[in-house]
Amino acid sequence: MAFLDWSDHNVGRPLPCRLCGIPAMLRDEKNRPCHMTCAHAQADGLIGGDDQGDALAVVVQMPTAPVIDLHTRRRIA
Ligand SMILES: [Zn+2]
């Protein structure tokens, strides 16, 4: 995980995060609204540029647990 120094960043009224679009109070180094977790995910290469919605795509791509029939013990989904 990348280390980002947020000690001198500003906080303001909630505005859409530049990466995920969900309201964020924290501002990045260019004073744009951005969640700390979204900025770290971008620094780690997990999400792309400033297109809103990229951070949500990471969540959507999470694997789902298999569904097992308890009687037959076979995977059904
Ligand atoms: Zn965000």
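A helix here is a DSSP run of H or I at least four residues long, and helices are numbered from the N terminus. With that settled, arginine 73 can be placed: it sits in the segment after helix 2, and helix 2 covers 54-60. I'll come back to that residue. Please keep in mind that this is a predicted model.

First, the overall layout. The chain contains two strands and two helices. Going along the sequence, the order is β-β-α-α. There are 77 residues, of which 18% are buried. For contacts with a separation of 6 or more, 29% are between residues 24 or more positions apart.

Next, the core. Which residues make up the largest nonpolar core? There are nine: Cys17, Leu19, Cys20, Ala24, Cys34, Cys38, Ala39, Ala41 and Ile47. Helix 1, residues 36-43, contributes the most to this core, with three residues. As a general remark, nonpolar side chains in soluble globular proteins tend to be buried together.

One member of that core is worth a look through its contacts. Leaving aside residues up to four places away in sequence, cysteine 17 touches Ile22, Ala24, Pro33, Cys34, His35 and Cys38. Among these, Ala24, Cys34 and Cys38 also appear in the list of core residues.

Now helix 1 itself. Its buried residues are Cys38, Ala39, Ala41 and Gln42. Looking down the axis of helix 1, these buried residues fall within an arc of 160°, so they line one face of the helix. Just after helix 1 comes glycine 45, with a positive phi of about 80°.

That brings me to the backbone angles. Most residues other than glycine have a negative phi. Which residues go against that here? One of them is asparagine 31, a residue other than glycine whose phi is positive, near 65°. Asparagine 31 lies in the loop between strand 2, residues 23-26, and helix 1. Is asparagine 31 buried or exposed? The cut-off for exposed is 12 or fewer other C-beta atoms within 10 Å. Asparagine 31 has 10 C-beta neighbours inside 10 Å, so it counts as exposed.

Back to arginine 73, in the segment after helix 2. Arginine 73 also has a positive phi, near 60°, and is likewise not a glycine. With 7 other C-beta atoms within 10 Å, arginine 73 is therefore exposed.

To recap, helix 1 gives three residues to the largest nonpolar core, and its buried residues line one face of the helix. Asparagine 31 and arginine 73 are both exposed, and each has a positive phi. That is all from me.

Conventions. Residues numbered from 1 in each chain as written. Predicted model: local features only at pLDDT ≥ 70, side-chain atom pairs only at ≥ 80, totals over all residues. Buried ≥ 20, exposed ≤ 12 C-beta atoms within 10 Å, placed from the backbone. Contact = placed C-beta atoms within 7 Å. Core = buried A, V, L, I, M, F, W, Y, C linked by C-beta atoms within 7 Å. Arc of directions from axis to C-beta.
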